[in-house]
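Here's a walk through a protein model for someone meeting it for the first time. Take a look at the sequence and the 3D view, then read on.

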Amino acid sequence: MWGRGRPPRKPRPSPILVPPPPSSPPPRLNLLLPRSLLALAARAVPSRRPSPVLLLLLTLSLALLFLILSPSSPSASVFSRSLSSGSAIASSSPASTSAPPAPVKIYLYDLLAKFTYGVVRSYTAARAPSGSADAAAALPDEQLWYPGHQHAAEWWLFKDLLRRRPWDRPVARVDDPSDADLFYVPFFSSLSLVVNPIRSPPAANASGAAAAYSDEAMQEELLEWLERQPYWRRHRGRDHVFICQDPNALYRVIDRISNAVLLVSDFGRLRSDQASLVKDVILPYSHRINSFKGEVGVDGRPSLLFFMGNRYRKEGGKVRDALFQILENEDDVTIKHGTQSRESRRAARQGMHSSKFCLHPAGDTPSACRLFDALVSLCVPVIVSDYIELPFEDIIDYNKISIFVGTSKALQPGYLTSMLRRISSERILEYQREIKKVKHYFEYEDPNGPVNEIWRQVSLKAPLIKLLINRNKRLLERGTNGTDCSCICSTTPTEITAAS
């Protein structure tokens, strides 16, 4: 051992370690910390005789840091959530940290009953069998029911406001018009339009002759009354809401109410200076056939494509006759001419519930209730209507629940059926699943259905209305060239593109 001539090294005395008090033994930190962190804690103490208390505090601090920063630790997610929420609060305005915004306040005009329940009574009286009493005539107003009609939205919205729903909805009814943001005019304009064609009600006027119902006279009387109201004159009706779902509803006075929010089904009969996607709301038609109650599937749907409706229509609806000629001899395709009747509705229900796809060609206007009949039937719509507008497109992606085909392609012989036959069963099931997710938006009887969604859409117009009202207060008198830059047209896409 001493071959190199070095003296032996003296053994170094062992350091004196002070044991911790027996009453409070240190925790076994090696269960919480990896050895590398314990080694780091030991090296961080410069003295060769570290204080047990200091070592304990240091290791506890490192343990806490390790738990916070560990991705799998529950406290890490809590900590990160608190940080993110704190930064969101710091970066947001004071309004965003408060309760959700209050609903838009809406005032329901107390019109004469002739404009609401009176229209229902006139409709049922005109259709009562000759020589028999009208059953609805003896009923009080609150027991009347709107007749089965694709334009029943005007009834559902009116009854909804009468019920005074909770304030956690998009709009809330107020009794004082001075508190209102918007004013709802509850005239059943679509039902009023179709009272006349059957026959006059049996009531008699002062001269003893049968009192004829006149939709045009009702429109004029309504506007004469409105134009005397201070809240209408205040902003020229810009903060008023009308429902005119039938394409011809309120046609006589439409120019006098074009400032207002119009609840419509499409813009097929409206000019671009009368209606716009910016100020107006697109409504779904009320479906006329019963909803499909089964599950998604193709096994019970042997028919490829179904359509039943009027074959001969005007203007844009001429595509129907051309499609009839192309499709009526195709295998697995059912295409029938039919009019509104109970028998036709039964046949339509059976056809839609047993078909994979349902055809929706344009009619006299771009849309019709047939589209919504198909959706509640889980029958994938095939839409051949180039200028159609659809409800609630800010939350519904219609490409997931329907197929759009340009008119020029659909009129090519064999194109539609060959395209549909290439769609796999799994893809059809995907369409049906997506339809089921949004089907309640087209069922007016659903408490969370289209009524609530229509009010949400209406409430979104309130800030724009306020902007236009305030803007008009400071504008000088415009010239006589008819230009109003507050209107963004909805029927001319090139103008929208240029404006944007």
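Two residues are said to be in contact when heavy atoms of theirs lie within 4.5 Å. Keep that in mind for phenylalanine 357: setting aside neighbours within four places in sequence, its contacts are Leu304, Leu305, Phe306, Cys379, Val380, Val382, Ile403, Leu420, Ile423 and Ile428. One thing to know before going further is that this is a predicted model.

**The overall picture**

The protein chain has 500 residues, and 44% of them count as buried. Along the chain there are 16 helices and 11 strands. If you take the contacts with a separation of 6 or more, 67% of them are between residues 24 or more positions apart.

**The cores**

Which residues touch the most other members of the largest nonpolar core? They are Tyr184, Phe242, Leu263 and Phe357, out of 110 residues in that core. Helix α15 gives this core its largest share, seven residues. The core also takes at least three residues from each of domain 1 (104–195 + 214–282) and domain 2 (303–442). There's a second, separate core too, with eight residues, including Met308, Ala348, Met352 and Ala374. As a general rule, nonpolar side chains in soluble globular proteins tend to be buried together.

**A helix with a bend**

Helix α15 covers residues 450–474, which is 25 residues. From its first C-alpha to its last it reaches 37 Å, close to the expected 36 Å. Even so, α15 has a kink of about 30 degrees, centred on proline 463.

**Two residues with a positive phi**

Most residues other than glycine have a negative phi. Leucine 378 isn't a glycine, yet its phi is positive, at about 55 degrees. You'll find leucine 378 in the loop between α11 (370–376) and β10 (380–384). Its relative accessible area is 0%, so leucine 378 is buried.

Phenylalanine 392 is another residue other than glycine with a positive phi, near 60 degrees. Its loop runs between β10 and β11 (403–404). Phenylalanine 392 counts as buried because its relative accessible area is 3%, under the 20% cut-off.

**Far along the chain, but how far in space?**

Here are some pairs of residues, with their distances given C-alpha to C-alpha.

| Pair | Apart in sequence | Apart in space |
|---|---|---|
| Isoleucine 435 and serine 402 | 33 residues | 8.6 Å |
| Leucine 277 and glutamate 389 | 112 residues | 9.1 Å |
| Glycine 338 and asparagine 310 | 28 residues | 5.5 Å |
| Histidine 360 and isoleucine 383 | 23 residues | 4.7 Å |

Let's go through the residues that head those rows. Isoleucine 435 sits in helix α14 (residues 425–438). Its relative accessible area is 0%, so isoleucine 435 is buried. Apart from neighbours within four places in sequence, isoleucine 435 is in contact with Leu375, Leu378, Val380, Pro381 and Ile401. One of these, Leu378, is the residue with the positive phi of about 55 degrees.

Is leucine 277 buried or partly exposed? It's partly exposed, because its relative accessible area is 40%. Leucine 277 lies in the loop between β5 and β6.

Glycine 338 is found in the loop between β8 (333–337) and α10 (342–353). With a relative accessible area of 12%, glycine 338 is buried. Leaving out neighbours within four places in sequence, glycine 338 is in contact with Met308, Gly309, Asn310 and Ser344. Among them, Met308 is also a member of the second core.

Histidine 360 belongs to strand β9 (residues 355–361). It's buried, with a relative accessible area of 1%. Not counting residues up to four places away in sequence, histidine 360 touches Pro366, Ser367, Ala368, Arg370, Leu371, Val382, Ile383, Val384 and Ile388.

**A buried serine**

Last stop: serine 265, in the loop between β5 (261–264) and β6 (281–282). Why does serine 265 count as buried? Its relative accessibility is 3%, and the cut-off for buried is under 20%. What joins the side chains of serine 265 and glutamine 245? A polar contact of 3.2 Å does. Beyond residues up to four places away in sequence, serine 265 touches Gln245, Ile282, Leu283, Tyr285, Ser367 and Glu389. Among these, Ser367 is also touched by histidine 360, and Glu389 is the partner of leucine 277 in the table.

Conventions. Residues are numbered from 1 along each chain as its sequence is written. This is a predicted model: local features need pLDDT of at least 70, side-chain atom pairs count only at pLDDT 80 or more; totals for chains, interfaces and linings use all residues. Side-chain values use heavy atoms; hydrogens and water are left out. Helices (H or I, at least four residues) and strands (E, at least two) are DSSP runs, numbered from the N terminus. Buried means under 20% relative accessible area, exposed over 50%, partly exposed in between (1.4 Å probe, protein chains only). A polar contact is a pair of N or O atoms within 3.5 Å; within protein, one must be able to donate a hydrogen and the other to accept it, and residues adjacent in sequence count only if both atoms are side-chain atoms. The expected span of a helix is 1.5 Å times one less than its number of residues. The bend at a residue is the angle between axes fitted to the seven residues ending there and the seven starting there. A nonpolar core is a set of buried Ala, Val, Leu, Ile, Met, Phe, Trp, Tyr and Cys residues joined through side-chain atoms within 4.5 Å. Domain bounds come from an automatic or database domain assignment.
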